[in-house]
Amino acid sequence: MAAETSETPEQKYDRAHWLIIKRRDFLAAERVLTEFISANRSHQLAPNAYYWLGRTYFVRSNFEQAAITFAEGFQRFPKSKKAPVTLLNLGNSLSRLGKNREACMTYRKLQKNFRQIEEAVKRRLDREQKRSKCLR
């Protein structure tokens with residue numbers, strides 16, 4: 001596909017996002033996001049790309065690769081707008097792997113590092129902490 005080689009980073013990211021949201025083609029989105037990240041490591045959309053790449057693994061139950069991707073995204077962009085939800089999804093991935101202690105540590109880090117988080121993230125955090133049997 002010739003169009004793909006001339007895409008701007010924004011167009012490539014938008015195409016990947018479209019594949020996820022509209023087509024639910026997570027495998028194709030994984031390929032596009034992997035290309036985006038390798039070519040645009042410090043682009044302003046890179047934190048989002050890591051988040052969505054992690055989600056492509058998570059929805060396909062590849063929780064180990066999801067955890068690796070979310071962890072890398074958070075390590076590279078700990079202050080991005082996507083950082084809180086990236087940490088939440090890292091915890092969720094760890095929980096699905098049966099690593100509840102690590103998941104709970106991740107959820108605590110989310111609460112400690114981000115005092116002001118969106119209400120939807122707070123609700124998901126509460127639900128996931130209960131699922132992982134985290135002590136408060």
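Is Y51 buried or exposed in this structure? In this predicted model, Y51 has a relative accessibility of 8%, and because buried means under 20%, the residue counts as buried. Y51 is a useful place to begin, since several of the contacts described below involve this residue.

The neighbour of Y51 in the sequence, W52, has a relative accessibility of 15%, so W52 counts as buried too. The structure contains five aromatic pairs. In one of them, the rings of Y51 and W52 have centres 5.0 Å apart and planes at 80 degrees to each other, so this pair is edge-to-face. Y51 also pairs with F70, but here the arrangement is tilted, with 6.1 Å from centre to centre and 45 degrees between the planes. This second pair links distant parts of the chain, for Y51 belongs to helix α4 and F70 to helix α5 (residues 63-76), and the two are 19 residues apart. Both Y51 and F70 are buried, and together with W52 they form one aromatic cluster.

Two further residues meet this cluster. The charged end of K82 sits over the ring of Y51, at 4.4 Å from the ring centre. N89, which is placed in helix α6 (residues 83-96), has a relative accessibility of 0% and therefore counts as buried. When residues up to four places away in sequence are left out, N89 touches Y51, R55, F70 and R124, so that two members of the aromatic cluster, Y51 and F70, are among the contacts of this asparagine.

From the cluster the reader can turn to helix α3, which covers residues 26-39. How far apart should the ends of this helix be? At 1.5 Å a residue, its 14 residues should span 20 Å, and the C-alpha atoms at its two ends are indeed 20 Å apart, so the model agrees with the expectation. The buried residues of α3 are F26, A28, A29, E30, V32, L33, F36 and I37, and these pack against α2 (9-23) and α4 (46-58). Several of the buried positions can be read with the geometry of a helix in mind: an α-helix has 3.6 residues a turn, so residues three or four places apart point the same way.

Helix α3 also takes part in salt bridges, of which the structure holds six. In one of them the side chains of E35 and K12 meet, with 2.6 Å from N to O, and this pair links helix α3, where E35 lies, to helix α2, where K12 lies, across 23 residues of sequence. E35 counts as partly exposed because its relative accessibility is 35%, whereas K12, at 12%, is buried. In another salt bridge the side chains of E30 and R60 meet, with 2.5 Å from N to O. E30 lies in helix α3 and R60 in the loop between α4 and α5, so this pair ties together parts that are 30 residues apart in sequence. Here the glutamate is the buried partner, since E30 has a relative accessibility of 17%, while R60, at 33%, counts as partly exposed.

A further salt bridge is found in helix α8, where R131 and E128 are three residues apart and therefore separated by about one helical turn. The closest N and O atoms of R131 and E128 are 3.2 Å apart. E128, at 4% relative accessibility, counts as buried, but R131 is partly exposed, with a relative accessible area of 44%. This pair does not stand alone, for R96, E128 and R131 are linked in a network of salt bridges.

The last feature to consider is a covalent link. How many disulfides does a search of the whole structure find? The search finds one, formed by C104 and C134, whose sulfur atoms are 2.0 Å apart. C104 lies in helix α7 (residues 100-113) and C134 in the segment after α8 (119-131), so the pair ties together parts that are 30 residues apart in sequence. The torsion about the S-S bond is about -90 degrees, so the disulfide is left-handed. Both cysteines, C104 and C134, are buried.

Technical notes. Residues are numbered from 1 along each chain as its sequence is written. This is a predicted model: local features need pLDDT of at least 70, side-chain atom pairs count only at pLDDT 80 or more; totals for chains, interfaces and linings use all residues. Side-chain values use heavy atoms; hydrogens and water are left out. Helices (H or I, at least four residues) and strands (E, at least two) are DSSP runs, numbered from the N terminus. The expected span of a helix is 1.5 Å times one less than its number of residues. Buried means under 20% relative accessible area, exposed over 50%, partly exposed in between (1.4 Å probe, protein chains only). Contact means heavy atoms within 4.5 Å. A disulfide is a pair of cysteine sulfur atoms within 2.5 Å. Rings of Phe, Tyr and Trp (its six-membered ring) pair if their centres lie within 6.5 Å; planes under 30 degrees apart count as stacked, over 60 as edge-to-face and the rest as tilted. A charge sits over a ring if NZ of Lys or CZ of Arg is within 6 Å of the ring centre and within 35 degrees of the ring normal. A salt bridge is a side-chain nitrogen of Lys or Arg within 4 Å of a carboxyl oxygen of Asp or Glu.
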